[in-house]
Amino acid sequence: MRMLGDLSGGVLNVAACPDEALLRLVSPAGWEALTGRPVVLERELPNYLAKKPLAVLCQRWRESTASLLAQSGIPVLLWGNELPPGLPPGSVALPEFEAEEILPRLEQLSSPQDFAGKTVLVTAGPTVEDIDPVRFLTNRSSGKMGVAVAWAFAVRGARVLLVHGPMTAEVSKLADLERIPVRSAQQMHDAVREHWHEAQVAVLCAAVADFRPDHYVPQKIKKIEGEGMVLHLERTPDILAELGALPNHPFLVGFAAETDDVEINALNKLRKKHCDLLCANDIRKPGSGFAGDTNQITIYAPDGMVRALPMLSKQGAAYCIVDEVARRMN
Ligand code: CTP
């Protein structure tokens, strides 16, 4: 589950009236950090409703507060309960087992819904290229950047299709975020081909293996005393380049993780793969590496825009990328 500290949008204008079970999930101090106010007691609710919060989060449905909430026009997030009729539009019931959806929902409520009605395809993580039943080729991608991008679009109202390789990054549960797990570059390619036409935006963050063994050996390869081994590799399909070559491709965002000549390589990739934006980072810089939680990205666009972001959390960088996409699409 995502931690409170991950929410970068500051204080959420939500009145939280948690009781026991919700307080076990997020402490009173946690709710205070999230909403900027102490937890709201039931008797204080009328005062808080008068301040027009974005939403009211509560757990038990009490007759005493029912009509008050129904008349307020303020959406109710009801946890662990069915949604009774007559609640203001935007109200949602979160079944108790979906506790991890509470924070994403709150973040969604506090974000502009400028990607509502749009589908965003995101690739994330490494791919794994099998050599034989026990050996494979892969890379150090954790998937965190792609997951952060997927999350950022989802809280802005998009339906997100997250095609990802085997990765360590956790994905918070969010109704509009659909995971499509794959293993190899070929499978990632096939999944993107199957879904790209549904998407208005495609963000390709995955660290796709550029090479794979030219054939898979179905039995474990045994070593031969005194002999080395030659592994023949062939190129994998370049998913980003293939999408970019389509005449009516979605708004296309590519990534480039570089060690040298970052700007030259980034501009080359932007042009060669026909991206609408290219996000580059220097993986040698402390804080911009693979498995960390931060990244320093520079965004390049074909119109010559170069936007150097400061060192940010990967989630913060993802929000900036989404802002740039929104600015150019809307
Ligand atoms: N990409 C892809 N399919 C591949 C390889 C890369 O979709 N088979 C995408 C990545 O998701 C990323 C971008 O292309 O958005 C990275 O470009 P690329 O030129 O492949 O970067 P590198 O693999 O680092 O290439 P090079 O070795 O030439 O630096």
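**View 1. Valine 122 meets its partner across two strands.** In this close-up of a predicted model, valine 122 has valine 203 of S10 as its bridge partner. The strands here are S5 (residues 119-124) and S10 (residues 201-204), and four bridges join them in a parallel run. Step back a little and the surrounding sheet comes into view: an open one of eight strands, in the order S9-S8-S5-S10-S13-S14-S16-S17, with mixed pairing. At its edges sit S9 (177-181) and S17, each of which pairs on one side only. From one strand to the next, the twist averages 15°.

**View 2. A four-strand sheet, all in parallel.** Here's the other sheet to look at: an open sheet of four strands, ordered S1-S2-S3-S4, with parallel pairing. S1 (14-17) and S4 (92-94) are the edge strands, each pairing on one side only. The twist averages 15° from one strand to the next. Look at the joins between neighbours: four bridges connect S1 to S2, while three bridges connect S2 (residues 55-58) to S3 (residues 76-79).

**View 3. Leucine 57, with a partner on each neighbouring strand.** Follow leucine 57 in S2 and you'll find alanine 16 standing opposite. Leucine 57 also has a bridge partner in S3, namely leucine 77. Now slide over to S1 itself. In a regular strand, side chains alternate between the two faces of the sheet. In S1, Val14 and Ala16 point one way and Ala15 and Cys17 the other way, and all are buried.

**View 4. The shell around the ligand.** Which residues come nearest to the ligand? Of the 15 residues around the ligand, those are Leu204, Val208, Ile239, Leu240 and Gly254. Helix H8 (239-244) and strand S13 (251-258) are the elements that give two or more residues to this shell. S13 supplies the largest share, with four residues. Sorted by character, the shell has nine nonpolar residues, three polar and three charged.

**View 5. Leucine 240, tucked into helix H8.** Zooming in on one of the residues that come nearest to the ligand, we find leucine 240 in helix H8. Is this residue buried or exposed? Leucine 240 counts as buried because 25 C-beta neighbours lie inside 10 Å, and the cut-off for buried is 20 or more. Bring histidine 189 into the frame too: leucine 240 and histidine 189 are 51 residues apart in sequence, and their C-alpha atoms are 9.1 Å apart in space.

**View 6. Two loop residues with positive phi.** Most residues other than glycine have a negative phi. Aspartate 261 has a positive one, near 45°, and is found in the loop between S13 and helix H9 (262-272). With 11 C-beta neighbours inside 10 Å, aspartate 261 counts as exposed, since 12 or fewer is the cut-off. Past H9 comes histidine 274, in the loop between H9 and strand S14 (277-282). Histidine 274 isn't a glycine either, yet its phi is positive at about 55°. Histidine 274 is partly exposed, with 16 other C-beta atoms within 10 Å.

**View 7. Alanine 301, in a loop between two strands.** Alanine 301 lies in the loop between S16 (298-300) and S17 (306-308). Its count of 15 other C-beta atoms within 10 Å makes alanine 301 partly exposed. How far apart are alanine 301 and serine 142 in sequence and in space? They're 159 residues apart in sequence, and 26 Å apart in space from C-alpha to C-alpha.

**View 8. Helix H10, end to end.** How does the span of H10 (residues 314-329) compare with what its 16 residues should give? At 1.5 Å a residue, they should span 22 Å; the end C-alpha atoms are 22 Å apart, so the two agree. Residues three or four places apart in an α-helix point the same way. The buried residues of H10 include Lys314, Gln315, Ala317, Ala318, Tyr319, Ile321, Val322 and Val325.

**View 9. The two domains.** To finish, pull back to the whole chain. According to the domain assignment, the protein chain has domain 1 (4-109) and domain 2 (119-329). The centres of domain 1 and domain 2, taken over C-alpha atoms, are 36 Å apart.

Conventions. Residues are numbered from 1 along each chain as its sequence is written. This is a predicted model: local features need pLDDT of at least 70, side-chain atom pairs count only at pLDDT 80 or more; totals for chains, interfaces and linings use all residues. A residue is near a molecule or strand if its C-beta atom, placed from the backbone, lies within 6 Å of it. Ala, Val, Leu, Ile, Met, Phe, Trp, Tyr, Cys and Pro count as nonpolar, Asp, Glu, Lys and Arg as charged, and the others, Gly among them, as polar. The expected span of a helix is 1.5 Å times one less than its number of residues. Domain bounds come from an automatic or database domain assignment. Two strands pair if DSSP finds at least two bridges between them. Axes are lines fitted to C-alpha atoms, for helices over the stretch in contact, and angles run from 0 to 180 degrees between N-to-C directions.
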